[in-house]
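Q: Could you walk me through the enclosed space inside this protein and whatever sits there? I'm new to this, so please take it slowly.

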Amino acid sequence: MPETLVEPLRELEAAYDEAKRDRGFRARLGRELATYVGRPTPLTFADRLSKELGLRVWLKREDLTHTGAHKINNTVGQVLLAVRMKKKRVIAETGAGQHGVATAAAAARFGLPCRVYMGTEDMARQAPNVGRMRFLGAEVVPVEAGSRTLKDATSEALRAWSADSRETFYVLGSALGPHPYPGMVRDFQSVIGREARAQILKEEGRLPREVVACVGGGSNSIGIFTAFIKDERVRLTGVEAGGRGLASGEHAARFAGGRPGVLHGTYTYLLQDKDGQVLPTHSVSAGLDYPAVGPEHAELRRSGRARYVFATDTEALRAAAELGRLEGILPALESSHALAYVLRERRKIGRSQTVIVNLSGRGDKDLATLCP
Ligand SMILES: *Cc1c(COP(=O)(O)O)cnc(C)c1O
């Protein structure tokens, strides 16, 4: 990280360490999750899909949270921390706009002004979310640099933070970036796995064979994996965006197609050329379209505790349509990557096995892609 951010990161680390041990902070967060976010979210048995696949598929319904994706679990936590640190405003980066919307909502609720950096390419692709952010009182700052997408918006947000870190809190959107963000975002998202583990034990009386989640930066996946990491017999599978296939070069499969490097203060798997320049990415789902993956996933892969695979654009679109047809649920295209893996690998998963799929968000934002 640039020298100017080392001190602000230390300050954040100390403040978060204190907050997470503070009973009052945890109680406040718990109340917000219950009464504003809408937790616990249900674990839904996908009856018709299960029959069709010869599996027992359960869906963890993050699509039913306020603002329609898991991102709100993290932004409520971080904005409460900003209030506790007496910061005067929050800033955030956004790609698809889901994190921007979730940050704008939390900032409004806790009374802080909010500025969201967004690439102009993404602003055009995700216009409804630009409108939602503005409605919630946030200022959306267009970023013209580079490919005008998430990577560039993140660089710009980090620059803005280093210019005014005394008064500004940077709400980072995934389990990524410099320490302490990856661990802090994991902690705020781990409520997903804690709930899912208790719910499946109550419903089935035992743990699932496999837990599956899509991996963009890696926050919804680490959020559901964390509760199961010690349960060695539960398989953990992360699904990246295979875009138009590995051979096309148009994808965001960092594990299959990348190698270790540094981006935005994280040493992790990264899509880069032979000189270490960050490569452009592609995915039909804007939320998975990022060249680096959260560092804890790199470690889970190294240790063999989790596996990482990818699903293509076409597979994800087909999986979304299947969930609509069989269960009456319109999933986000990001989440559809996790479903696509289950559809494709149902035989390898094993007959009648129990699988939990993290349905990270709802797909209203993707309707134009799903039904062009
Ligand atoms: C942002 C987003 C993702 C990808 O981000 P992660 O940090 O990997 O979870 C996945 N699903 C939805 C619905 C999103 O909005």
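A: **The largest cavity and its ligand**

The largest cavity holds about 450 Å³ of space. (A cavity is a set of points, on a 1 Å grid over the protein atoms alone, where a 1.4 Å probe fits but cannot get out; its volume is the space filled by probe spheres set on the points, which are joined across faces, edges and corners.) Its lining is made of 36 residues, and those closest to the centre are K71, G173, S174, G217 and G287. (A lining residue has an atom within 4 Å of a grid point.)

Keep in mind that this is a predicted model, so local features need pLDDT of at least 70 and side-chain atom pairs need 80 or more, while totals for chains, interfaces and linings use all residues. Residue numbers start from 1 along each chain as its sequence is written, and side-chain values use heavy atoms, with hydrogens and water left out.

Which elements help to build the walls of the largest cavity? Two or more lining residues come from each of β3 (89-94), α5 (98-110), α8 (150-163) and α11 (219-225). (Helices are DSSP runs of H or I with at least four residues, strands are runs of E with at least two, and both are numbered from the N terminus.) By class, the lining has 20 polar, 11 nonpolar and five charged residues. (Ala, Val, Leu, Ile, Met, Phe, Trp, Tyr, Cys and Pro count as nonpolar, Asp, Glu, Lys and Arg as charged, and the others, Gly among them, as polar.)

Now for the guest: the ligand sits in this largest cavity, meaning that more than half of its atoms lie within 2 Å of the cavity's grid points. Around the ligand there are 18 residues, with K71, S174, G216, S219 and S360 the closest. (Each has a heavy atom within 4 Å of the ligand.) That shell has 11 polar, five nonpolar and two charged residues.

Let's zoom in on some polar contacts (pairs of N or O atoms within 3.5 Å). The side chain of S360 puts an N or O atom 2.7 Å from a nitrogen atom of the ligand. Oxygen atoms of the ligand take part too: one is 2.8 Å from an N or O atom in the side chain of N220, and a backbone N or O atom of G218 also lies 2.8 Å from a ligand oxygen. How much of the ligand gets covered? Alone, the ligand exposes 380 Å², and the protein buries 97% of that. (These areas come from the Shrake-Rupley method with a 1.4 Å probe.)

Conventions: Polar contact = N/O pair within 3.5 Å; in protein donor to acceptor, adjacent residues only side chain to side chain. 1 Å grid on protein atoms, 1.4 Å probe; cavity = no way out; pocket = protein on both sides within 12 Å on 5 of 7 lines; lining within 4 Å.
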